[in-house]
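Colleague: Could you take me through this model, beginning with how it was made and then turning to one helix and the ligand shell?

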Amino acid sequence: MITAQHLTKRYGDHAAVDDVSFTAQPGRVTGFLGPNGAGKSTTMRMVCGLTVPTAGHATVLGRPLRSTPNPGRTVGVLLDASAQHAGRTGRETLALSARLMGLPPRRVEEVLEIVGLTAAESRKRTRGYSLGMRQRLGLAHALLGDPTVLILDEPANGLDPAGIRWMRELVRDFAAQGGTVLLSSHLLREMEAVCDDLVIIGGGRILAQGSAGELLRGPSTRVRSADDGALAAALTRAGHGVERTDEGSLATTASTEQVGRVALAAGVALTELRAATTTGLEQLFFDTTARHGREEIAA
Ligand SMILES: Nc1ncnc2c1ncn2[C@@H]1O[C@H](COP(=O)(O)OP(=O)(O)OP(=O)(O)O)[C@@H](O)[C@H]1O
C-alpha cells in the first residue's frame with residue numbers, strides 16, 4: 001500500500017503540490033491524472049523519497065521509502081526512462097543493479113524477456129535506444145527485484161499501440177497477483193482501461209478521487225424540454241440523477257429511453273434528447289479540471 005498524507009511542496013511562493021492525500025491499495029491499479037504542471041511528478045518523487053516535502057509525508061508498505069533497506073526488492077520505480085547511463089548497454093545497466101540488490105544474474109535474463117527486449121537490443125548502448133526501448137528497459141529495472149509495489153510515471157510514453165497493450169496487461173497482471181500499482185499517464189483512454197481507482201490533480205491540489213467506477217458513473221444523457229423544471233422533478237422522483245449543464249440543458253444519469261418514458265408520463269414535451277457524445281474519463285477529466293481553473297486553484 002502507498003499512503004500520501006498532506007503532501008506539500010513549495011518552490012519559493014509557488015505550491016507545486018498542496019496538501020495532497022491519497023492511498024493506493026494492494027490488488028488495485030491507481031491512476032494519477034492531471035494536466036501539465038499539475039504536480040504529478042513532484043508528488044511521485046516525494047512518495048519515492050527523491051524530493052523532500054515541505055510538509056506532510058508518504059509511506060510505501062508502511063514506511064518512508066528513504067528508510068527502506070534495499071528498496072528495489074519491494075518497490076519498483078520508473079520515474080524518468082531517459083535518465084539511464086547513455087554509455088552502458090541495457091544488459092549492463094540491469095546487471096549492475098542486480099548485483100547491488102543481491103540478485104542472481106539470471107534475473108536479468110528473466111526481466112529482459114518479460115519486457116520484450118531482444119538479446120541484440122540488450123547489448124546496445126542505451127544512447128542508441130528509441131523512447132519505447134528506454135521505457136521497456138526502465139520497466140525491466142523496476143521489475144528486477146520482483147517488487148510488490150510499482151510506481152510508474154508515464155510508463156506508456158513512447159510505446160507503440162502493441163506496447164501500450166502489453167503494458168496494460170503487465171500492470172493488470174501485477175495487480176491481480178496482489179501488487180500495488182500507482183501510475184500516471186496522459187493517455188486518458190488507457191487510464192480508463194487499466195485503473196481501478198483514480199486520483200485527479202490540478203494546480204497541485206486533489207480535484208477528485210475515488211474508484212473509477214464511481215467517478216465515471218456521471219450523467220450521460222442531455223435533454224431539453226418545454227418545461228425543464230417539471231422534467232427535472234419527474235426524473236428525480238423516478239430515481240435518476242439530474243443537473244443543469246453550463247450550456248443550459250439538463251444532464252441526467254437516465255438513458256434516452258428512460259427520459260422519454262418519464263417525459264411522457266409527466267406530460268412534458270421534449271425539444272432535444274441525446275446521449276452525451278463524450279463520456280467516461282475524458283469527460284470527467286475535462287469537467288473536473290475546467291471546474292477548477294488555474295485562477296480558482298490559485299485563489
Ligand atoms: N525543481 C523545481 N523547481 C521549481 N519549480 C518546480 C520544480 N519542479 C517542479 N516545479 C513546478 O511544480 C509544478 C508541478 O510540476 P510537476 O512536474 O510535478 O507537474 P506534472 O503534473 O508532473 O506535469 P507534466 O505532466 O507536465 O509532467 C510546475 O509548475 C513546475 O514548474
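Modeller: This is a predicted model, in which local features need pLDDT of at least 70 and side-chain atom pairs count only at pLDDT 80 or more, while totals for chains, interfaces and linings use all residues. Residues are numbered from 1 along each chain as its sequence is written.

Colleague: What distance separates the centres of domain 1 and domain 2?

Modeller: The domain assignment, which is automatic or from a database, gives domain 1 as 2-211 and domain 2 as 219-279. Taken over C-alpha atoms, their centres are separated by 42 Å.

Colleague: Within what arc do the buried residues of H2 fall?

Modeller: Helix H2, a DSSP run (H or I, at least four residues, numbered from the N terminus), covers residues 90-101. Its buried residues, with 20 or more other C-beta atoms within 10 Å of their own C-beta, placed from the backbone, are Gly 90, Thr 93, Leu 94 and Ala 98. Seen down the axis of H2, with directions taken from the axis to the C-beta atoms, these residues line one face of the helix, because they fall within an arc of 130 degrees.

Colleague: Which residues are exposed on the other side of H2?

Modeller: Exposed here means that 12 or fewer other C-beta atoms lie within that 10 Å, with partly exposed in between. On the side of H2 away from its buried residues, the exposed ones are Arg 99 and Leu 100.

Colleague: Which helix gives the most to the shell around the ligand?

Modeller: The shell, counted by C-beta atoms placed from the backbone and lying within 6 Å of the molecule, includes Tyr 11, Asn 36 and Lys 40. With three residues, the helix that gives the most is H1 (residues 40-47).

Definitions and conventions
Helix = DSSP H or I, 4+ residues; strand = E, 2+ residues; numbered from the N terminus. Expected span 1.5 Å × (residues − 1).
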